[in-house]
Structure formats: structure tokens, C-alpha cells
Amino acid sequence: MQARGRKARRWIVFGTIAFGSVFLVIGLVLAVQSISLLSDAKRAQGTVVDLDWRKDHSSSSRRNRSDDRPAAYPVVEFTPAQGTPTRFRSSTGANPPSYEVGERVEVLYRADAPEDARINGFASLWLLPLVFGGLGLLAAGIGTVVALVTRRRS
């Protein structure tokens with residue numbers, strides 16, 4: 001009976017380390033994308049023209065919460081170097097809103113894809129890499145420590 005328990009614990013520890021490693025890699029990939037955008041992006045001044053209020057139901061745990069309030073996603077209009085006004089909705093929303101309609105913001109965009117732009121701000125560039133990387137580092141670290149402690153006890 002003890003052998004089965006040890007085997008199950010090993011799988012749980014392995015799963016925790018694997019889960020953490022996957023999240024850590026996702027966080028690193030997202031960070032590299034942000035760094036790449038910062039290094040070769042064009043910059044333009046944009047204006048928040050609207051706030052797109054949406055309920056984000058990306059996970060089942062949030063679906064069941066009674067305090068699930070909508071978040072405001074800024075819609076920004078800017079004119080890239082090509083001269084055609086472009087609008088985009090930020091991928092980062094907040095409640096209360098981080099931006100107000102009429103507010104001027106700096107926009108980062110690639111010359112070949114101006115519609116895939118981002119607001120030059122901490123949340124839109126670094127929030128997802130920090131969340132994924134932090135959770136990954138935490139899970140992989142806990143799994144590794146548990147694995148080392150149980151290995152020394154054996």
C-alpha cells in the first residue's frame with residue numbers, strides 16, 4: 001500500500017513541476033514578444049475614443065462568481081506613418097477603467113501590422129508575462145522543493 005502512495009506522490013510532484021514549467025515558458029515567450037515589440041516598434045500618439053465594457057468569461061471559476069463586474073477595454077485610434085487612421089481594442093481591461101475617453105496615450109505598433117498595436121503601458125506589455133511567469137516559477141519551485149525533500153527522506 002505504501003508503494004502505491006509513493007508512486008502517486010511522485011506523479012503529483014512531477015505534474016506540479018511540469019505545470020509550473022509550462023507556465024514559466026509561456027511567461028518567457030510573452031516577455032520576449034513584449035521585448036521584441038519594444039525594440040522594433042514604431043511609436044505614435046493615440047487617443048482613447050471609447051471604452052468597450054465587457055464581462056470576461058475566460059474561465060469557469062469566474063463564470064460562477066456573483067461579483068463578476070465588467071471591465072473597460074480602451075479603444076484607441078491613432079494614425080500610423082502610412083497615414084490611415086487605425087483603431088484597436090486593448091487586450092487589457094480594468095474596473096475601474098485605467099484610461100478615460102479622450103485621454104492621449106502612446107501606441108506601439110509594427111509597420112507591417114498597425115492594427116496589431118498596443119498601448120505603451122505596464123499592464124499591456126508586462127501583466128501577462130508576470131502572471132504566467134510568476135505562477136510557473138511558484139509551482140515549479142514548490143514541486144522541486146517537495147521532490148528534493150522527499151528524495152532526501154527516502
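Guide: A residue is called buried when its relative accessible area is under 20%, exposed when that area is over 50%, and partly exposed in between. Please keep in mind throughout that the model before us is predicted.

Visitor: Why is I26 called partly exposed?

Guide: The relative accessible area of I26 is 33%, and because this value falls between the limits of 20% and 50%, the residue belongs to the middle class. I26 is placed in helix 1, and its C-alpha atom is separated by 7.5 Å from that of P129, which is 103 residues away along the chain.

Visitor: How do you know which class T86 belongs to, buried or exposed?

Guide: T86 has a relative accessible area of 12%, and since the buried class takes in values under 20%, T86 is buried. This residue lies in strand 3, and, with neighbours within four places in sequence set aside, T86 is in contact with V76, E77, F78, P80, P114 and E115.

Visitor: What makes the approach of the T86 side chain to the backbone oxygen of T84 a polar contact?

Guide: The T86 side chain reaches that backbone oxygen of T84 at 3.1 Å, and the cut-off for a polar contact is a pair of N or O atoms within 3.5 Å, so the distance satisfies the limit.

Visitor: What makes D40 and R110 a salt bridge?

Guide: The closest N and O atoms of D40 and R110 are 2.5 Å apart, and the rule asks for a side-chain nitrogen of Lys or Arg within 4 Å of a carboxyl oxygen of Asp or Glu, so the pair qualifies. Distant parts of the chain are linked here, with D40 in helix 1 (residues 2-40) and R110 in strand 4 (residues 104-110), 70 residues apart. Both partners are partly exposed, D40 with a relative accessible area of 43% and R110 with one of 26%.

Visitor: How do you know that R89 and D52 form a salt bridge?

Guide: Their side chains meet at 3.5 Å, N to O, and because the limit is 4 Å, this pair is also accepted. R89 lies in strand 3 (residues 86-89) and D52 in strand 1 (residues 42-54), so parts of the chain that are 37 residues apart in sequence are tied together. R89 has a relative accessibility of 37% and D52 a relative accessible area of 27%, and both are therefore classed as partly exposed.

Visitor: In the salt bridge of E77 and R87, what are the classes of the two residues, buried, partly exposed or exposed?

Guide: The side chains of E77 and R87 meet at 2.8 Å, N to O, and the pair joins strand 2 (residues 71-78), where E77 lies, to strand 3, where R87 lies, across 10 residues of sequence. E77 is at 30% and so counts as partly exposed, whereas R87 is at 52%, a value over 50%, and therefore counts as exposed. The salt bridges found by this rule number 4, including the three pairs we have discussed.

Visitor: How do you know that strand 1 pairs with strand 2 and with strand 4?

Guide: Pairing requires at least two bridges, and strand 1 has 8 bridges to strand 2 and 6 to strand 4, so both pairs pass. Strand 1 runs antiparallel to strand 2 and to strand 4. Among the positions that show this, W53 stands opposite A72 in strand 2, while T47 faces R104 and Q45 has E106 as its bridge partner, both in strand 4.

Visitor: In the open sheet, what makes a strand an edge strand, and which strands are these?

Guide: The sheet has 5 strands in the order 3-2-1-4-5, with antiparallel pairing. Strand 3 and strand 5 (113-119) each pair on one side only, and these are the edge strands. From one strand to the next, the twist averages 40°.

Visitor: How do you know where the predictor's confidence is lowest and highest among the elements?

Guide: The mean pLDDT is lowest in helix 2 (residues 60-63), at 44, and highest in strand 4, at 96. Residues 59-66 have a pLDDT below 50, and this stretch makes 3 contacts in the model beyond near neighbours in sequence. The protein as a whole averages 89, and 90% of its residues score at least 70.

Note on methods. Residues are numbered from 1 along each chain as its sequence is written. This is a predicted model: local features need pLDDT of at least 70, side-chain atom pairs count only at pLDDT 80 or more; totals for chains, interfaces and linings use all residues. Side-chain values use heavy atoms; hydrogens and water are left out. Helices (H or I, at least four residues) and strands (E, at least two) are DSSP runs, numbered from the N terminus. Buried means under 20% relative accessible area, exposed over 50%, partly exposed in between (1.4 Å probe, protein chains only). A polar contact is a pair of N or O atoms within 3.5 Å; within protein, one must be able to donate a hydrogen and the other to accept it, and residues adjacent in sequence count only if both atoms are side-chain atoms. Contact means heavy atoms within 4.5 Å. pLDDT is the predictor's confidence in each residue, from 0 to 100. Axes are lines fitted to C-alpha atoms, for helices over the stretch in contact, and angles run from 0 to 180 degrees between N-to-C directions.
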